[in-house]
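The report below covers strand pairing, one helix packed on a sheet, and the cysteines. Please read it alongside the model.

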Amino acid sequence: MIDFSSHLSRGDGVWWGQAAAEPRPLVDALILQNPRIGPIQVFTGLSWNDQLAITIPGRMSMSSYGGLGQLRELSRSGRLDVVPCHYSALPRMFAERLLPCDVGLVQVSPPDADGTCSLGIGVDYVADAIPHTPVLIAEINQRMPETLGAPRIPLERFAAWVTTDRPLAEDPTRPPGDTEQRIASHIAELIDDGDTVQLGVGSMGSAVLDALAGHEHLGVHTGMVTDGLLRLVDKGVVTGSRKEIDPGVIVAGTALGSAELYTRLPEMPVCFLPISYTHSPRILSQLQSLVSINFAVEVDLTGQVGAEVSRGVYVGAVGGQVDFTRAASLTGKRSIIALRATSGGQSTIKPFLDGGVVSTARSDVDVVVTEYGVAHLRGRSLRERAHRLIQIADPRFRDELLEGSTL
């Protein structure tokens, strides 16, 4: 294994790729070697690496754009520093060295005949961070697929690398239940044939994709590709034929799904591009057919969205929600926020956000959906918004919400 002390000094900053592209062997080795390196700052996004919550040393200061995956456990124990930001802001933060970027850890495909490697399914912020990172260390995984989109990386760009042949991490999300399916059916009715869809992930996202099986000529411009999208491509639902830009191509930054998805990606019309493209306001403003579908922890009676904090713990992120909701609302077609009507026996439609954190402003929210229906908010007064949101709350809490409303 690589000796990180040859590449890292006390006080340096390290970032690494996220989700299925997380270079776990490198990360685990860094955790083990950290005590003799000294204090360092580290940054990553979505991680399913349980070692971060179990054995992360006290000299490793962890930061992220949200509390995703195992990072929730770090948030719960007060060991996670959240950088509140829009996903589209990450490239600039790396460029200005506001995020740790002395060393970058990446997982890449085996080199081709020209000696260059693909970032595979983990382009997102990695491709934007690389130009500002002097030292790159790679896990060259024989099972990382080559993908189209981001520039390939010459082997000589890596200060060191290890070679592995291990399965990519698969999505641990549970299958959608009845509630998610009811919400998804409402959302599907808001999407027309030919629309370009951006979609959040998880069991709700999977349910929405399944609910779109009867549509035609859909386009996709989103942050993450999942198995549900694979099913729609196979059925001929997603063709991208009516997209205003990138016609015929699915645009995304990363993928998280099954081994089948990873194996088939090279044959699919998917282009993996950095955040500076996927979430760029300049790019998104060209998609007049854009419908954004994002998920929330809570929504207040004016339409403000909390998507980050639940019971004092970071369980989400601002992420790309605002980038897409604002574009869909202003220059696209429609922004949709969806959530279950209850969580932990409490209403998620509330007079005030319990978390105290507004992730998405009410002015960017066109529609809110729960299993009880659809609340159209665009162009509605605060009083009308409250009335409509109460109508899609769990019936057990509607009287209480009505009494607690000051509108």
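## Strand pairing and cysteines

Strand S26 is joined to strand S27 (residues 373-376) by four bridges, and the two run antiparallel. This is a predicted model, in which local features need pLDDT of at least 70 and side-chain atom pairs count only at pLDDT 80 or more, while totals for chains, interfaces and linings use all residues. Residues are numbered from 1 along each chain as its sequence is written, and side-chain values use heavy atoms, with hydrogens and water left out. Strands (E, at least two residues) and helices (H or I, at least four) are DSSP runs numbered from the N terminus; two strands pair if DSSP finds at least two bridges between them.

The connection from S26 to S27 is a hairpin through two residues. Across this pair, Val367 has His376 in S27 as its bridge partner. S26 (residues 367-370) also pairs with strand S22 (residues 334-338), through three bridges and in parallel. Here Ala338 stands opposite Val369 in S26.

In a regular strand, side chains alternate between the two faces of the sheet. In S26, Val367 and Val369 point one way, Val368 and Thr370 point the other way, and all are buried (under 20% relative accessible area; exposed is over 50%, partly exposed in between; 1.4 Å probe, protein chains only).

An open sheet is formed by seven strands with parallel pairing, in the order S4-S3-S2-S1-S5-S7-S10. Its edge strands, S4 (80-82) and S10 (158-164), each pair on one side only. From one strand to the next the twist averages 25° (axes are lines fitted to C-alpha atoms, for helices over the stretch in contact, and angles run from 0 to 180 degrees between N-to-C directions).

Within this sheet, strand S7 (residues 135-141) and S10 run parallel and are joined by six bridges. Leu136 stands opposite Phe158 in S10. Helix H1 (residues 24-37) packs on the sheet, and the strands it touches include S1 (13-16), S5 (103-108) and S7; contact means heavy atoms within 4.5 Å. The direction of H1 makes about 135° with that of S7.

Which disulfides does the whole structure hold? The search finds zero, a disulfide being a pair of cysteine sulfur atoms within 2.5 Å. Two cysteines are set out below.

| Cysteine | Nearest cysteine sulfur | Relative accessible area |
|---|---|---|
| Cys85, in no disulfide | Cys101, 14 Å | 7%, buried |
| Cys101, in no disulfide | Cys85, 14 Å | 2%, buried |
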